[in-house]
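Biologist: I'd like a close look at one part of this protein. Could you pick the helix that caught your eye and walk me through it, then place it in the rest of the fold?

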Amino acid sequence: MSTAEQILDAPLGLQGGAHAPASAAPRAARATATATTTAQSATLRPAAPAGIWPTGLLASAAWVALGLLTLLWPNKEVGFSDWAFTREFGIATLVVAALLLAISLLGSLAGRLVRTLRPAGQWLVALAVGLALWEVSTAKLGVLPSPFFAPPQSLIDVVHEDWQRLGLSTVHSLRLLANGFVLGTLVGFITGVAIGWSRIAGYWVHPLLRFLGPVPASALLPLAFFFAPSSYSAAVFLVGLATFFPVAVLTWSGVASVHKSYYDVARTLGASERFLVFRVAIPAALPQVFVGLFMGLGASFSVLITAEMMGVKAGLGWYLQWAQGWAAYANMYAALLVMAALCSGLITLLFKVRDRVLSWQKGTVKW
């Protein structure tokens, strides 16, 4: 056996004249690696909240002040009536203050709840201050004229008196948005893949997409309501059209930007054209497809409200118009809050789907 082979076959501990046992070096290396991994885990692991939460105490004090202000300061009567649910609103704010106080004093004992609320501590203070300013400028001093501006407790009145109509309008809007968004997504995705993959489709469809795509969908309201068999189908078409353009453009861009080496490797292994489209081009284009979905969802939501205000007989847009017609501005504000929560929730849900499908890109796009 040569000298080099003897050196390579010798245990690590005996090379270079060392007299340590054969397993000493590997054992030391494993111990070092374990210690390094443990140190990294301890560094990456979020520290558990300990002690009293000062920002939570400040937020609790702000909510107490809001509750006392609401209960002890008499409302400025408008006409012959007072604002309903003022007492209930004040009690609710005191309950929130008590919960924040308990969580702040418990500290680490509150566990997951305090870890969730800690990043929003300053927002909890700002929310109480904002509600207090809203309450003072409307119900207490009447600086903002009624009925155009209503105090926070008027939203409780809307939920108590008109929750059925508001809930039904929300369901109708969700159904219309789902139908239009799904239709626009499917057509836009297929169009984008066709333009990005086929030269013939790109030659004929791409100029039309560039010419007609930027036209706002709401500008086609008169034509849609004239040619469609019903106002609902016209609204579905407009919502789908608003979704179609960004999805088609971003899908086409994603398919066209796939590196040719991917196709070359797949063809070398005997891949068919169908395999190249469904297993190479589309998966590689998915990050940009989701960007198009985010843009399409925002555009479709704005068109949805416009279409409901113009011709559909139910939905949040119709509810807004109805509330404005009856000068029920508190109902209008409640509908606006529902719209904001609905749109934000749908975008958050779409981000969850994106993080699940594109797990290797989780966190690259923030919301």
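Modeller: Quick bit of vocabulary before we dig in: two residues touch, or are in contact, when they have heavy atoms within 4.5 Å of each other. Keep in mind that this is a predicted model.

The part to look at is helix α12, which covers residues 273-310. Count along α12 and you get 38 residues, yet the C-alpha atoms at its ends are only 46 Å apart. A straight helix at 1.5 Å a residue would reach 56 Å, and α12 falls short of that. Where does α12 bend? Go to L286, where the angle is about 55°. A proline, P287, follows within four residues of that bend.

Now slide back along α12 to V277, which sits in this helix too. V277 counts as buried because its relative accessibility is 12%, and the cut-off for buried is under 20%. Leaving out residues up to four places away in sequence, V277 touches V193, W197, I282 and P283. Take V193 from that list: V193 and V277 are 84 residues apart along the chain, but their C-alpha atoms are separated by 8.3 Å.

Follow that contact across and you land in helix α7, residues 153-197. This helix also holds a salt bridge, between the side chains of D162 and R165, at 2.4 Å from N to O. D162 and R165 are three residues apart in α7, so about one helical turn separates them. The two partners differ in cover: D162 is buried at 9% relative accessible area, while R165 is partly exposed at 34%.

That bridge is one of three in the protein. Another pairs K140 with E135, with the closest N and O atoms 3.7 Å apart, and both of those residues are buried. R354 and D355 make a salt bridge as well, at 4.0 Å from N to O, and again both are buried.

For the wider setting, the protein has 14 helices and zero strands. Buried residues make up 36% of its 367 residues. Among contacts between residues at least 6 apart in sequence, 71% join residues at least 24 apart.

One more spot to check on your screen is S104 in helix α4, residues 86-106. S104 is buried, with a relative accessible area of 0%. Its side chain reaches the backbone oxygen of G56 at 3.4 Å, and S104 touches G51, I52, W53, G56 and L57, again not counting residues up to four places away.

Note on methods
Residues are numbered from 1 along each chain as its sequence is written. This is a predicted model: local features need pLDDT of at least 70, side-chain atom pairs count only at pLDDT 80 or more; totals for chains, interfaces and linings use all residues. Side-chain values use heavy atoms; hydrogens and water are left out. Helices (H or I, at least four residues) and strands (E, at least two) are DSSP runs, numbered from the N terminus. The expected span of a helix is 1.5 Å times one less than its number of residues. The bend at a residue is the angle between axes fitted to the seven residues ending there and the seven starting there. Buried means under 20% relative accessible area, exposed over 50%, partly exposed in between (1.4 Å probe, protein chains only). A polar contact is a pair of N or O atoms within 3.5 Å; within protein, one must be able to donate a hydrogen and the other to accept it, and residues adjacent in sequence count only if both atoms are side-chain atoms.
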